Every structure is written in structure tokens, then in C-alpha cells.
Amino acid sequence: MKSIFVTGGAGFIGSHTCLLLLEKGFTLFILDSFVTSSQKSLKRVSLILSNKGIDIKGKIYLVEGDIKNKYDIERVFKMSFELNKIIKSVIHFAGLKSVAESVKNPFLYWENNVNGTINLLKVMVKFNCKNIVFSSSATVYKAKSNVPLFENDICEPFNPYGNTKLTIERLLKDIYNSDSSQWRIASLRYFNPVGAHESGLLGEDALGKPNNIYPLITQVAIGKIKEIKIFGSDWPTVDGTGIRDYIHIMDLAEGHFAALDYLLKEKPQFLTINLGTGIGTSVLELIRCFEKVNNIEIPFSFDNRRVGDNAFVVADNSLAKKILNWNPKRNIDDICRDGWNWQLKNPNGY
């Protein structure tokens, strides 16, 4: 079975994807700086698999390091050669992801996300590894009103974080065009990853106060935060609150496996694919669903709209269904149930 290099593998999306890949029998080499993640997430991955009777000894190698340091990336590739478990593909999660922080400190985001990716790609070329799945984002799109977003829609990010993601996508396309007979590249545009593994052992550990609506809901539910602030009650939507496409974290992990599997089986190509459910849920609908599923009240109040927010951001996922044969299996009830199970079992995160 092939070896995969996973950057940022201890993070929220990375750890859930690593769990699935190990379950599928892959050998993983993981590089993580632990700036926004915890080593404990990967210990939980091992525990979940052990509980299923899956032995991952000799299947997971963790290196603490940073993609801003080319030497750290080279260390991982060299290790794979020394162990005769040569890395054939990369899944690239590593990067900073706070929109608000990117507005305050764009230098930090361009240095980490763009320069770090350039380092990674240069090392990949050095070690003749030309298969990569990239963690992109729906923030690259120019928002439309009440219409799902297609992969060929206009891309016009409204913040530095989105700008770095789109820049990396364009870089990857340029690299593919320079050697289209060798490179296999998939750029996956996520919508709103939420929820947790059904065991409650693996989930989103928001360091400090979370920025996104879903971890805010679970922290209000457990009493860490007094109430939810909903930004805008006058959006042109069914109830005046913003509509988003919330995708269960395990469906997203399965999307990564499907993309990697497709790349390895098919001819060299460049793919850009949305990963979302295609179903829009308003902020109020999400809160009401969480209350119903978990039998708990979530206090909230309305605040002014935030600059840069949009009324409706939902994926058209028909391309993922057609090309990758991937379908999201979990619904908003599953998201609310699994996320609350994680929060109850881990009130203070890892």
C-alpha cells in the first residue's frame, strides 16, 4: 500500500482524514507545527483504530516541523526513503485559516500559506513526488445570491486568507501546465466543515475563542460562552440569517480519500472540486436543529452584519458526485449529534 505525506495532519480536518486513511491501510508521514493543533488528536486516532482492532504499528510517522522550513519537509521525505516506505502522494492541509486574523496580519498568511506551499512543492519535485491533494476553500469564490456555486464560477476572494488559497490554486495550475504528463493535482474547495467523529474521541479543538458558528454553539451549550451572536437578522433569506453549506467532517474526509483514489487510478490531470452537501442551512435553522436533536436550549442575540459576509454560500457538488463517485452520507442532525457528543466528552478540548 502506498505511503502518503500529510501536512497539518494533527488539525481538525487533517486528523479525521488521517483516521480514514489509516483505516484504509495507507502508511502516513505527518508533518505538523502544532501551532493550531494538538498531538493528542493523533493519539485519539490510534485509540479509535485500536478499539476497532486495527494495528497501525509501522503505519504512522509523526514529525514536528513547519512547512515554512524546507529542511523539515525534506526530513520527512528522507525518512520515507530510509524506511523504504517511499512517499508517493501528498495531502496538503497545513496553513493558517482565520479570516479575521488574515485581515489583521496578511504578511503572516502569505508567508505561511503561500511560501510554505512553494517550499513543499519544490521538495516534492526534488523527490519526484507529483501527486497532491490541496486543501482549498469556498472563500475563493465571488458570492452569488441564492444560487449554488459551481467550480467554474468567478473567483474573487474578499480577504487575505481567501487570496492565499486562490493564489495556491493558480500556482498548482501553472505547475501542472509546466509538466502535464506527470502531475496529478486535486484542489478541493471546502464549504463549512463541522461535527466530529461518531465516537466522540475526535473533534474540533478550538484554541481560544472559536470564530465559526458551530463550535460557538457547542461551547454555549456546555456553558463556556453565554450566548451566540448572530451577525445580521435582515439578510434576504427565509428567516433573515445567513445560509451556509455545513458538511460533516467525516464526509469531508471521505471526499479526500475519493479524490486521492481517483488521481492515483486515472491519467495525470488537474481537478478543482467543491466538497459540500449542496444543501443550505440558515444560522437559525442550525441552532434550532441543535436544540431539537440534543434537547438543550441555545441562547442567542442579533448583532450587526459583518463586513465581507454573504447571505448565501452553498456548493453545487454535482462534479464531485460524477467524477469522484462521492456523496455526503450524513445530515445536519448527525452533525449536531456528533458535535455535541465530542463537546460533552471533551469540555476543555484535548
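How many of the 6 residues of strand β2 are buried? In this predicted model, the count is 6 of the 6. Strand β2 spans residues 27–32 and is therefore largely enclosed by the rest of the structure. Burial holds for both sets of side chains. Thr27, Phe29 and Leu31 point one way from β2. Leu28, Ile30 and Asp32 point the other way. Such a pattern fits a general rule: in a regular strand the side chains alternate between the two faces of the sheet.

Strand β2 pairs with β1 and with β3. Strand β1 covers residues 3–7 and runs parallel to β2, with 5 bridges between them. Within this pairing, Thr7 has Leu31 of β2 as its bridge partner. The connection from β1 to β2 passes through helix α1 (residues 12–23), and this β-α-β crossover is right-handed. Pairing with β3 (residues 60–64) is also by 5 bridges, and these two strands run parallel. Here Asp32 is matched with Glu64 in β3. The chain reaches β3 from β2 by way of helix α2 (residues 40–51). That β-α-β crossover is right-handed. Leu31 and Asp32 thus each carry two descriptions. Leu31 is buried and is the bridge partner of Thr7. Asp32 is buried and has Glu64 as its partner in β3.

A second enclosed strand is β6, at residues 184–190. Of its 7 residues, 6 are buried, so β6 is largely enclosed by the rest of the structure. Strand β5 (residues 131–137) pairs with β6 in the parallel sense over 7 bridges. Phe134 stands opposite Ser187 in β6. Helix α6 (residues 160–178) joins with β5 and β6 in a right-handed β-α-β unit. Strand β6 is also joined to β11 (residues 270–275) by 6 bridges, and the two run parallel. Ser187 has Thr272 as its bridge partner in β11. Ser187 therefore links the two pairings: it stands opposite Phe134 and is partnered by Thr272, within a strand largely enclosed by the rest of the structure.

A further sheet is open and has 3 strands. Its order is β12-β9-β14, and the pairing is mixed. Strands β12 (281–282) and β14 (312–313) stand at the edges. Each has a single partner strand, so one side of each is left without a neighbour in the sheet. Strand β9 (residues 243–244) pairs with β12 in the antiparallel sense over 2 bridges. In this pairing, Ile243 stands opposite Ser282 in β12.

Two asparagines have unusual backbone angles. In general, most residues other than glycine have a negative phi. Asn84 is not a glycine, yet its phi is positive, at about 55°. Asn84 is found in the loop between α3 (70–82) and β4 (87–92). Its relative accessibility is 65%, so Asn84 counts as exposed. Asn325 also has a positive phi of about 55°, although it is not a glycine. The loop that holds Asn325 lies between α10 (318–324) and α11 (332–345). Asn325 counts as exposed because its relative accessibility is 67%.

Helix α11 also contains Asp334. This residue is partly exposed, with a relative accessible area of 22%. Asp334 and Phe290 are 44 residues apart in sequence. Their C-alpha atoms are 9.8 Å apart in space.

Individual side chains in two other helices were also examined. Thr218 lies in helix α7 (residues 213–221). Its relative accessibility is 4%, so Thr218 counts as buried. The side chains of Thr218 and Gln343 are joined by a polar contact of 2.8 Å. Val103 lies in helix α4 (residues 99–104). At 52% relative accessibility, this valine counts as exposed, because the cut-off for that class is over 50%. Val103 is part of a nonpolar surface patch with Val99 and Phe158. Together, the three residues have about 250 Å² of accessible area.

Terms used: Residues are numbered from 1 along each chain as its sequence is written. This is a predicted model: local features need pLDDT of at least 70, side-chain atom pairs count only at pLDDT 80 or more; totals for chains, interfaces and linings use all residues. Side-chain values use heavy atoms; hydrogens and water are left out. Patches are made of residues with over 30% relative accessible area and no salt bridge: like charges are joined within 9 Å, nonpolar side chains (Val, Leu, Ile, Met, Phe, Trp, Tyr) within 5 Å. Accessible areas come from the Shrake-Rupley method with a 1.4 Å probe; for residues, only the protein chains shown count as cover. A salt bridge is a side-chain nitrogen of Lys or Arg within 4 Å of a carboxyl oxygen of Asp or Glu. Helices (H or I, at least four residues) and strands (E, at least two) are DSSP runs, numbered from the N terminus. Buried means under 20% relative accessible area, exposed over 50%, partly exposed in between (1.4 Å probe, protein chains only). Two strands pair if DSSP finds at least two bridges between them. A crossover is right-handed if, with the strands pointing away from the viewer, the path from the first strand over the helix to the second runs clockwise. A polar contact is a pair of N or O atoms within 3.5 Å; within protein, one must be able to donate a hydrogen and the other to accept it, and residues adjacent in sequence count only if both atoms are side-chain atoms.
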